[in-house]
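Trainee: I have a structure to look at today. Could you walk me through some of its contacts?

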Amino acid sequence: ASSRLSVLAPRRSRPCRRAMSAAMEKVPTIGSKAVKLAVHMGPLKLKENFADDLRELYQQKLCTDVVLVCAEHTFPAHKVALAARSPVFRDAFASSAAAEGADVAASREIRITDVANPEAVRFMLDYIYETEVFQDYNPQAQEINTDILRLARAFQLPGLTTRAAHWLAKDITAGDVVERLAICGEFGLEALKNKVLESLHANKAALSEVVNSPKIIQYPQLMQMLLQQAAASGQQEEEDEPAKKRAKKGAGRGAKGGK
């Protein structure tokens, strides 16, 4: 038969227990006065940051719970990051979680079919995670930037739209201004469109070249707008011409009177 052993601690009297408790609560001191010591740890620097940690997980493809698929290229990501930046992702994930009997595997994959360039998806994720790559935003082609504008519109990412619009404004020439104005019209980039038109209005040689370009025929509304602008510019020149002649005559008379 097995036997159970119990070890009982010796019982102490109540006065003894009270004395021990009081001794433990008493703070030990040295000397008769409490002298404060100055201990300097330097400035508090907390390098830990949730955004930095999440970005590192994304870059190392760790703990991801959703995959974006574009042209058979896959981009692992985190639902919490996508939902935090995009109301479209947020609503999609919330609906998926609320649906009873939803296919878990299917909810982990999002196929993006509206764009042809997988690089555009990468730029979108770099924007969402605020990576250093996005700080040096520089798509290799206009087609990629246009796809980025499509993604920004589809997932309601206004900051991404602004960044793509700034890139679109770089190095515009008379040769590609028609295409860029058309992109402004497609994505509602009114501020950029007005800036470009102002620049064309101030450069009559560029405006004339654009109006006479064969490309302009592909954009009838844009052609009409530019033709009106060219006509208005010519009319303004005609109105300014008499004033210039009068100013020139006045300057001539003043020179003769000085003699």
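**Charged pairs and the core**

Mentor: Gladly! In this predicted model, the side chains of Glu186 and Arg150 form a salt bridge, at 3.9 Å from N to O.

Trainee: Which helices does the pair Glu186 and Arg150 link?

Mentor: The two residues lie 36 residues apart, so the pair links distant parts of the chain. Glu186 belongs to helix α10 (residues 177–187) and Arg150 to helix α8 (residues 142–154). The helices you want are α10 and α8.

Trainee: Is Arg150 buried, partly exposed or exposed?

Mentor: Buried means under 20% relative accessible area, and exposed means over 50%. Arg150 has 28%, so Arg150 is partly exposed.

Trainee: And are Arg180 and Asp176 buried or exposed?

Mentor: Their side chains also meet in a salt bridge, 3.4 Å from N to O. As for Arg180 and Asp176, both are buried.

Trainee: Which residues are joined with Glu109 into one network?

Mentor: Start with the salt bridge between Arg111 and Glu109, at 3.3 Å from N to O. Salt bridges that share partners make the network, and Glu109 is joined there with Glu72 and Arg111.

Trainee: Now the largest nonpolar core: which helix gives the largest share of this core?

Mentor: That core has 55 residues, and Val121, Met124 and Leu125 are among those touching the most other members. Eight residues of the core come from one helix, spanning residues 118–129. The largest share is from helix α6.

Trainee: Which residues is Leu200 in contact with, leaving aside neighbours within four places in sequence?

Mentor: Leu200 is another of the core residues that touch the most other members. With those neighbours left aside, the contacts of Leu200 are Val177, Leu181, Ala206, Leu207, Val210 and Leu226.

Key. Residues are numbered from 1 along each chain as its sequence is written. This is a predicted model: local features need pLDDT of at least 70, side-chain atom pairs count only at pLDDT 80 or more; totals for chains, interfaces and linings use all residues. Side-chain values use heavy atoms; hydrogens and water are left out. A nonpolar core is a set of buried Ala, Val, Leu, Ile, Met, Phe, Trp, Tyr and Cys residues joined through side-chain atoms within 4.5 Å. Buried means under 20% relative accessible area, exposed over 50%, partly exposed in between (1.4 Å probe, protein chains only). Helices (H or I, at least four residues) and strands (E, at least two) are DSSP runs, numbered from the N terminus. Contact means heavy atoms within 4.5 Å. A salt bridge is a side-chain nitrogen of Lys or Arg within 4 Å of a carboxyl oxygen of Asp or Glu.
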